Amino acid sequence: MALQDRTTGQHETHRVTNQPPPLQGFDLFEQDRVLVEATAREGGEWGAERLHAFGSAVGREPLAEWGPLADRNPPSLRTHDRYGNRVDEVEFHPAWTALLHLGISAGIPSLPWREPRAGGHVVRGALLYLLSQAEAGVGCPLSMTYAAVPALRHEPALAAGWEPRFTDADPAAAALCGMAMTEKQGGSDVRANTTQAVPAAGGEGVYELTGHKWFCSHPVSDAFLVLAQAPGGLTCFLLPRALPDGSRNDGFHIIRLKDKLGTRSLASGEVEFDGALAWRVGEEGRGVPTIIEMVNHTRLDCVLGSAANMRRAVAEATHHAAFRTAFGRRLLDQPLMRSVLADLCLESEAASMLAFRLARAFDEAGTGSEAALAFQRLATPVAKFWVCKRATPVAAEAMEVLGGNGYVEESPLPRLLRDSPLNSIWEGSGNVIALDVLRALARAPEAADAVFEEIEQARGTDRRFDRAVDGARSDLSRLGSMDPDEAEREARRSAERLALILQASLALRHSPAAVADAFIGSRLDSDGPRSFGTLPSGTDLGSIIDRHRPVIA
């Protein structure tokens, strides 16, 4: 007999049971042991109070409401006003603007530049990592503005005027910087760019730019770093949307917004320059070495963003499994599910540890450390290649943990999955980054020495690890004797192996023994492809999961 609802007299058909409580209203920093440990270890312990406050703030409305709203209400382009005047404005949902202002106030674009101290890039990276878990789409303008500062310093006079605006923590006063390098005929091959720059009246270093950019990040930024062909070759420029007298830079036009797979809350645009005024940054013909300062910092943010994506996916999957029952037991208590969850936790922990070790290298390189600069030169593309590639399979597997609940758009998992490939493409797709690893190995032997010096700190703690390190050294030695085409075919394998042994070294030194043992047994001491949930027999699954599962009141 059907139950009846005594208040209405109708049959009761909808009683909600066996569903987890929403994962919200908690301190994202406090509930992330790996993040707490990593920030303290890598020099950011002084920022713990700030990170607790920010983690609590992000864990409320930004996580539960603002992120989903921003994703479901993408920006729209308004090229002209009602009278036909060109305006080139983009309209955003208030939730996206609130997220952006939260990031500016926290110092994500500015902290290491406003408060230059040891651990500044680490603490700032943790702030980005936390905000990205609410919505990845807001990270681009925050990241670009942060990364523009070291590139802009190649032109001190320009930096003197713009850096205070880029590093202002008041959202009402702060300026944002975007980047426009890519052209449709060249893509990653920026030397094929055809945008032309000719000297203009108005002073030394002022040019008129004419051309088309296939991708422009956040096209309503206050200024952009762009590449164009000047008389002396490919050159970097700062192109403002408003001129020094406050008038509109009439040569700058937004043509359309891109309809993207993920990060739909972010306005990515196609722009044209028709005699747009811009100011040279660095020497003519030195555009790539100048703008690479920006690219290096945004590649760090690619790694941080992908690690954050994995952390959110793992948090959602472990939380769901702790409350959902099937076949008479919690998912968390079922052996095969426990193996899958623990495996996802390993991937997330390894990604986060590598991301924050890399952030420390940026701190140390900023003080002039040659060893840190060498480590950064190779570790940045290695981490960017591998960590960014792991985000998509982690998001997909976490979605399976939630089953049908994870596949619907009310869940955060579809958004995480759609967003996850971006960082593998942005600032150099997999092949471009793997070739950068190859160049660093060939041209900067001190970079390989610095990375192996870091790796070797775990020497002697595990024989499987030692064998893997010896094998990597041997493979890299052979790489140097190969012909160029053969070496290029090995580029991805070299990048992957370096990333894994670097992650294993960090795990052996800094993670619980169960984590390190399972990571090495499944990543270094296994043959061929593997799926999540195929950890070695005897792995302490419970302790690994407990380390990563958020516990909310």
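This passage describes a strand pairing, the nonpolar cores, the cysteines and selected salt bridges of a predicted model.

Strand E1, spanning residues 76–80, and strand E2, spanning residues 86–91, pair in the antiparallel sense over four bridges, and within this pairing Ser 76 stands opposite Glu 91 of E2. The hairpin that the two strands form has five residues between them, and Gly 84 adopts a positive phi near 95° there.

The largest nonpolar core comprises 161 residues, among which Leu 225, Leu 238, Met 294, Phe 356, Leu 378 and Leu 498 touch the most other members. When residues up to four places away in sequence are not counted, Leu 225 touches, among others, Ala 148, Ala 151, Cys 177, Met 179, Phe 237, Leu 238, Val 281, Ile 291 and Met 294. A second core, separate from this one, contains 20 residues, including Val 90, Val 220, Ala 230 and Phe 273.

With respect to the cysteines, the count of disulfides comes to zero. The sulfur of Cys 388 has its closest cysteine sulfur in Cys 302, at 5.2 Å, and this pair is therefore too far apart for a bond. Cys 388 is buried, with a relative accessible area of 1%, and Cys 345 is likewise buried, at 0%.

Salt bridges number 42 in the model. In one of them, Arg 299 is joined to Asp 436, with the closest N and O atoms 2.8 Å apart; because Arg 299 lies in helix H9 (residues 287–323) and Asp 436 in helix H15 (residues 430–443), the pair ties together parts that are 137 residues apart in sequence. Both Arg 299 and Asp 436 are buried. A further salt bridge, between the side chains of Glu 349 and Arg 547, has an N to O distance of 3.0 Å, and it links helix H10 (residues 335–366) with helix H21 (residues 541–548), so that parts 198 residues apart in sequence are tied together. Glu 349 is buried at a relative accessible area of 1%, and Arg 547 also counts as buried, at 7%.

The salt bridge of Arg 478 with Asp 475, whose closest N and O atoms are 2.1 Å apart, lies within helix H17 (residues 463–479), where the two residues are three positions apart, about one turn of the helix. Arg 478 counts as partly exposed at 44% relative accessibility, as does Asp 475 at 25%. Elsewhere, salt bridges with shared partners join Asp 343, Glu 347, Arg 390, Arg 523 and Arg 530 into one network.

Terms used: Residues are numbered from 1 along each chain as its sequence is written. This is a predicted model: local features need pLDDT of at least 70, side-chain atom pairs count only at pLDDT 80 or more; totals for chains, interfaces and linings use all residues. Side-chain values use heavy atoms; hydrogens and water are left out. Two strands pair if DSSP finds at least two bridges between them. A nonpolar core is a set of buried Ala, Val, Leu, Ile, Met, Phe, Trp, Tyr and Cys residues joined through side-chain atoms within 4.5 Å. Buried means under 20% relative accessible area, exposed over 50%, partly exposed in between (1.4 Å probe, protein chains only). Contact means heavy atoms within 4.5 Å. A disulfide is a pair of cysteine sulfur atoms within 2.5 Å. A salt bridge is a side-chain nitrogen of Lys or Arg within 4 Å of a carboxyl oxygen of Asp or Glu.
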